[in-house]
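Welcome! Let's take a look at how the strands and helices of this protein model fit together. Keep the 3D view open as you read.

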Amino acid sequence: MYFGARKHDGSFNWRFDTAKNMVATPYFLTSACKNGWDLTESQLNLYRLVMATQADGYILNWSKTASQVRFHFTKERKIQRIKYLIENIGGTYKEFVDKENKTHISLDRDLSESITEILNPNRYVTNYKELPIDFVNLKSEDMKTLVYEYLFWDGRWENHMLGKSSIITSTNEHTIDILQTMCCLSGLRTNKHLEKAKGDYKSNLWNLSIFENQD
């Protein structure tokens, strides 16, 4: 096995050895690589918008001709981020601010259609959004980019930026399962944990903790 032992100066002594010669607290390198689809920058930005929609958006009208993706935010970082992604792929949007100072953003029909087709190509049968399993066929670096994009929208982003816990939360276990698979294929260690509903919360929550380096 390939493992490391931490030295007094904080560095590691990495080596191949048999299990019987392991130190009491061995460390293992996180590693995974998948040579998947080649994406253009525009395609990657579209998939970033897909992550934003799954995490923080909603789809109005599930028909094949008039679906519309919408967002409503109070956080300025999210408002600026969604505008940046839309404009980066040549899309357009409409926005207004309501009496509660919440910003509503509606994507144009073509962009809404592209996103809805990815999240639910069979929407004439079922009207719910779901991350496609095909996302696990992307390259490792693109999967990692999209995992952190999702974390930006529906995770503890501020803690992540401070170097603390990186946790994604969702009521949809399928979403967490897809994200966990993407993490695994891009060299990220994870821990999935069910937080049962209590108090004012009516739904169970799935928490996905993400670690770049973990023993």
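A good place to start is β3, which pairs with strand β4 (residues 68-73) in the antiparallel sense over 3 bridges. You can pick out one of these links yourself: L60 has Q68 in β4 as its bridge partner. Keep in mind that this is a predicted model.

Now zoom out a little. The two strands belong to an open sheet of 4 strands, ordered β3-β4-β6-β5, with antiparallel pairing. Which strands sit at the edges? They are β3 (58-60) and β5 (93-97), each of which pairs on one side only. From one strand to the next, the twist averages 25 degrees.

A helix joins the picture here. Helix α1 (residues 41-56) packs on the sheet and touches β3 and β4. The direction of α1 makes about 65 degrees with that of β4.

Elsewhere, two helices pack against each other: α2 (residues 76-88) and α4 (residues 140-154), whose axes are 10 Å apart. Their packing angle is about 140 degrees. An angle over 145 degrees would count as roughly antiparallel, so α2 and α4 are oblique to each other.

Here is who takes part in that contact:

| Helix | Residues in the contact |
|---|---|
| α2 | R77, K78, R81, I82 and L85 |
| α4 | E149, F152 and W153 |

What kinds of residues make up the contact of α2 with α4? They divide into 4 nonpolar and 4 charged, with no polar ones.

Terms used
Residues are numbered from 1 along each chain as its sequence is written. This is a predicted model: local features need pLDDT of at least 70, side-chain atom pairs count only at pLDDT 80 or more; totals for chains, interfaces and linings use all residues. Side-chain values use heavy atoms; hydrogens and water are left out. Axes are lines fitted to C-alpha atoms, for helices over the stretch in contact, and angles run from 0 to 180 degrees between N-to-C directions. Angles under 35 degrees count as roughly parallel, over 145 as roughly antiparallel, 65 to 115 as roughly perpendicular and the rest as oblique. Contact means heavy atoms within 4.5 Å. Ala, Val, Leu, Ile, Met, Phe, Trp, Tyr, Cys and Pro count as nonpolar, Asp, Glu, Lys and Arg as charged, and the others, Gly among them, as polar. Two strands pair if DSSP finds at least two bridges between them.
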